[in-house]
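Please examine the sequence and the structure shown below. A report on the fold, arranged by topic, accompanies them.

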Amino acid sequence: MKKTFAFLALAGLLVIPALAASEDFSNTTISIGVVVTDLDKAVDFYTNVVGMVQTGSFEIGAEFSKKSGLADGNAAQVKVMRLGQGETATQWKLMSFGDKAKPIKSDFVHSHTGMRYITIQVKDLGSIFERIKARKIKLMGETPVPLGNDNHFILIQDPEGTFIELIGPMKTTP
């Protein structure tokens, strides 16, 4: 009986912090900001290659930029992309400071630290693969690579060098 009570007490102590942490958030969808040099090129890539939808845009003024510590008084343009529809869809916010930010191109994910890649699960990788080929976007490695269960893996980079992993079945024949 004492062992059972001790186990239940310990289990309760492990569960309570996890529940408390999830209650800290008003929204569990993460909005990801990506600084780009060419906003139009980035929007074109994420809408016409990846398949995201632009759902909004806004400006960050110089005063807010400085007061918030965001960008040392540099104004920015932001285009909000979503991976699908609805409030819980991932937001991918493309932010441009014009020529003030410099891209870091990498040949491999391990070349630099920080946020280096995203993984997107898709319903039909074949149709995306066709768009990639039509736009002559370089495939990384020897992709597409079969993963089993009819899924394949494609690795590309966006115009700024962020690696994009695309995973899904090749329903449409490339």
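The following sections describe the overall composition, the two sheets and the helix packing.

## Overall composition

The structure is a predicted model. The protein contains 4 helices and 8 strands. Read from the N terminus, these elements follow the order α-β-α-β-α-β-β-β-α-β-β-β.

The protein has 174 residues, of which 33% count as buried. Its exposed area is about 11300 Å², and carbon and sulfur atoms account for 57% of that area. When contacts between residues at least 6 apart in sequence are considered, 56% of them connect residues at least 24 apart.

## The sheet of β1 to β4

An open sheet is built from 4 strands, arranged in the order β1-β4-β3-β2 with mixed pairing. Its edges are formed by β1, residues 31-36, and β2, residues 53-60, each of which pairs on one side only. From one strand to the next, the twist averages 25°.

The pairing of β2 with β3, which covers residues 76-82, is antiparallel and comprises 7 bridges. Within this part of the sheet, I60 lies opposite A76 of β3.

Helix α2, residues 39-50, packs on this sheet. The helix touches β1, β2, β3 and β4, the last of these spanning residues 91-96. The direction of α2 makes about 160° with that of β4.

## The sheet of β5 to β8

Another open sheet of 4 strands has the order β5-β8-β7-β6, and its pairing is mixed. Strands β5 (117-121) and β6 (145-148) occupy the edges; each has a single partner strand, so one side of each is left without a neighbour in the sheet. The twist in this sheet averages 25° from one strand to the next.

Strand β5 pairs with β8, residues 163-169, in the parallel sense, and 5 bridges join these two strands. Here I120 is found opposite L166 of β8.

## Helix α2 and both sheets

Which strands of the β5-β8-β7-β6 sheet does α2 lie across? They are β5, β7 and β8, with β7 comprising residues 151-157. Relative to β7, α2 runs at about 160°.

Helix α2 therefore appears in the description of each sheet: α2 packs on the sheet that holds β1, β2, β3 and β4, and α2 also lies across β5, β7 and β8.

Conventions
Residues are numbered from 1 along each chain as its sequence is written. This is a predicted model: local features need pLDDT of at least 70, side-chain atom pairs count only at pLDDT 80 or more; totals for chains, interfaces and linings use all residues. Side-chain values use heavy atoms; hydrogens and water are left out. Buried means under 20% relative accessible area, exposed over 50%, partly exposed in between (1.4 Å probe, protein chains only). Contact means heavy atoms within 4.5 Å. Accessible areas come from the Shrake-Rupley method with a 1.4 Å probe; for residues, only the protein chains shown count as cover. Two strands pair if DSSP finds at least two bridges between them. Axes are lines fitted to C-alpha atoms, for helices over the stretch in contact, and angles run from 0 to 180 degrees between N-to-C directions.
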